[in-house]
Amino acid sequence: MGITLREASEKVGVTRQTLMKAIKTGRVSAEKSDNGEWRIEPVELFRVWPPVNGVQQPLQPNITGSDTPGLQAENRLLREQVAELREERNAWREQAQRLALTDQRAVSQPSSRPGFWSRLFGR
């Protein structure tokens, strides 16, 4: 027999409504028990969604006191790179604004040459 929708939703971190939608669309296989309750096999559930507590290792390694100077140097380097990227972004932004103004001036100036029909009929 499988686990209930409530248990399944807790194990994978999705709502029961999401599980029901997946069952109805055929994304997940499930069976109704004799009492009318949906049951999902854990293998079938984890085929579609990873378990919530599946990652046992911390995402960031333990940092010791000996790592601090290296991390500070890396942090300083990253801050310098961010500052350089901001300066470069601002320069590109200014150039884009200048080009946009130049384009608007060119468009707003009427053409001094008369159009085809004006030349044809002499207006």
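**Exercise 1. Find which residues of H2 are exposed and which are buried.**

Step 1. Gln17, Lys21, Lys24 and Thr25 are exposed, on one side of H2. Exposed means over 50% relative accessible area, buried under 20%, and partly exposed in between (1.4 Å probe, protein chains only). Helices (H or I, at least four residues) and strands (E, at least two) are DSSP runs, numbered from the N terminus.

Before going on, note that this is a predicted model: local features need pLDDT of at least 70, side-chain atom pairs count only at pLDDT 80 or more, and totals for chains, interfaces and linings use all residues. Residues are numbered from 1 along each chain as its sequence is written, and side-chain values use heavy atoms, with hydrogens and water left out.

Step 2. H2 spans residues 16-25, and its buried residues are Leu19, Met20, Ala22 and Ile23. They lie on the same side of H2 because they cover an arc of only 160 degrees around the axis, the arc being that of the directions from the helix axis to the C-beta atoms.

Step 3. An α-helix has 3.6 residues a turn, so residues three or four places apart point the same way.

Step 4. The buried residues of H2 pack against helix H1 (5-12), strand E3 (38-40) and helix H3 (42-48). After H2 comes Gly26, with a positive phi near 90 degrees.

**Exercise 2. Describe how H1 meets H2.**

Step 1. The two axes come within 9 Å and cross at roughly 105 degrees. Axes are lines fitted to C-alpha atoms, for helices over the stretch in contact, and angles run from 0 to 180 degrees between N-to-C directions.

Step 2. H1 is therefore roughly perpendicular to H2, a term for angles of 65 to 115 degrees.

Step 3. H1 contributes Leu5, Arg6, Ala8 and Ser9 to the contact, and H2 contributes Arg16, Leu19, Met20 and Ile23. Contact means heavy atoms within 4.5 Å.

**Exercise 3. Describe the surroundings of Ala8.**

Step 1. Ala8 sits in helix H1. Ala8 counts as buried because its relative accessibility is 0%.

Step 2. Not counting residues up to four places away in sequence, Ala8 touches Ile3, Leu19, Ile40 and Leu45.

Step 3. Pro42 is 34 residues from Ala8 along the chain, and their C-alpha atoms are separated by 7.6 Å.

**Exercise 4. Place these parts in the whole protein.**

Step 1. The protein has five helices and three strands, in the order β-α-α-β-β-α-α-α along the sequence.

Step 2. Of the 123 residues, 16% are buried.

Technical notes. Angles under 35 degrees count as roughly parallel, over 145 as roughly antiparallel, 65 to 115 as roughly perpendicular and the rest as oblique.
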